[in-house]
Amino acid sequence: MVGVRRRFALADTAQQVVGGFLLAGPFVVTEEVWVLARSMSFAQALLTLFIVLAVGYGALYKADDRDPDREREVGGIPVRFISLITVSYLSVFILALAFDAPGTFLSDVSGQVLVTVLGYDLDLAVLRITLKATSVGAVFSVIGAATADSLF
């Protein structure tokens with residue numbers, strides 16, 4: 001049975017958030033990430049997803065002594081792992097929006113406006129590139145989130 005210290009709790013998510021945001025920040029505001037995102041194909045963006053999943057799983061369950069079979073699950077996936085991946089992507093995406101990175105680095109991009117919310121246009125072309133940039137940042141964010149979760 002998993003010890004009390006090893007059970008997944010809200011405090012673990014908080015630790016993941018700290019680590020995820022810490023490592024995501026520099027990549028959100030780096031122009032090179034946005035240049036890479038512009039040129040990435042869908043297949044490359046999908047590859048970064050698999051990298052994030054592999055690094056996250058390895059950091060949680062192979063580099064540490066956790067047993068994924070002993071953790072609470074949703075649909076057969078450990079809740080700790082779901083939290084880690086969610087935090088990794090959302091921390092990058094939230095910082096990108098908070099710092100207006102798409103508006104700064106993608107001001108010359110225009111496409112189909114999906115909807116206007118609070119005076120801001122949600123442009124499909126900008127959204128695609130932003131999601132690709134998020135996937136690049138998540139590769140690094142997952143390392144910070146998993147490390148913070150494992151250390152504390």
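## Spaces, surface patch and salt bridges

In this predicted model, the largest cavity is lined by F27, V28, V33, W34, V92, A96, A133 and T134. Seven of these lining residues are nonpolar, one is polar and none is charged. The helices α1 (10-28), α2 (31-39), α4 and α6 each contribute at least two residues to the lining of this cavity. The enclosed space amounts to about 30 Å³. A search of the whole structure finds one cavity of 30 Å³ or more. Rolling a probe the size of a water molecule over the atoms shows where such empty space is left.

Pockets are considered next. The table sets out the two largest pockets together with the cavity.

| Space | Volume | Lining by class |
|---|---|---|
| Largest pocket | about 430 Å³ | nine nonpolar, three polar, three charged residues |
| Second largest pocket | about 220 Å³ | seven nonpolar, two polar, two charged residues |
| Largest cavity | about 30 Å³ | seven nonpolar, one polar, no charged residues |

The lining of the largest pocket consists of 15 residues, and L97, P102, D121, L122 and V126 are those nearest its centre. Which elements each supply at least two residues of this lining? They are α4 (79-98), α5 (101-105), β4 and α6 (124-151). Strand β4 gives the largest share, with four residues.

The second largest pocket is bordered by F42, A45, L46, T48, L49, Y89, L127, R128, L131, K132 and S135. Here, α3 (42-62) and α6 each provide at least two lining residues. Helix α6 thus has a part in the lining of the largest pocket, of the second largest pocket and of the largest cavity.

On the surface, L114, V115, V117, L118, Y120 and L122 make up a nonpolar patch whose accessible area is about 640 Å² in total. Two elements, β3 (113-117) and β4 (120-123), give two or more residues to this patch. The largest share comes from β3, which contributes three residues. Y120 belongs to strand β4. Is Y120 buried or exposed? Its relative accessible area is 65%, and Y120 is therefore exposed, as the cut-off for an exposed residue is over 50%. L122 appears both in the nonpolar patch and among the residues nearest the centre of the largest pocket.

Charged side chains also pair with one another, and the count comes to four salt bridges. One of them joins R38 and D108, whose closest N and O atoms lie 2.6 Å apart. This pair connects distant parts of the chain: R38 is in helix α2 and D108 is in the loop between α5 and β3, 70 residues apart. With a relative accessible area of 35%, R38 is partly exposed. D108, in contrast, has a relative accessibility of 58% and so counts as exposed.

R80 takes part in further salt bridges. It meets E71 at 3.1 Å, N to O, and both of these residues are buried. R80 also forms a salt bridge with D149, the closest N and O atoms being 2.8 Å apart. Where in the chain do D149 and R80 lie? D149 is in helix α6 and R80 is in helix α4; the pair links distant parts of the chain, 69 residues apart. Both D149 and R80 are buried. Through shared partners, salt bridges join D12, E71, R80 and D149 into one network.

Key:
Residues are numbered from 1 along each chain as its sequence is written. This is a predicted model: local features need pLDDT of at least 70, side-chain atom pairs count only at pLDDT 80 or more; totals for chains, interfaces and linings use all residues. Side-chain values use heavy atoms; hydrogens and water are left out. Patches are made of residues with over 30% relative accessible area and no salt bridge: like charges are joined within 9 Å, nonpolar side chains (Val, Leu, Ile, Met, Phe, Trp, Tyr) within 5 Å. Accessible areas come from the Shrake-Rupley method with a 1.4 Å probe; for residues, only the protein chains shown count as cover. Buried means under 20% relative accessible area, exposed over 50%, partly exposed in between (1.4 Å probe, protein chains only). On a 1 Å grid over the protein atoms alone, a cavity is a set of points where a 1.4 Å probe fits but cannot get out, and a pocket is an open set with protein on both sides within 12 Å along at least five of seven lines; lining residues have an atom within 4 Å of a point. Grid points are joined across faces, edges and corners, and a volume is the space filled by probe spheres set on the points. Ala, Val, Leu, Ile, Met, Phe, Trp, Tyr, Cys and Pro count as nonpolar, Asp, Glu, Lys and Arg as charged, and the others, Gly among them, as polar.
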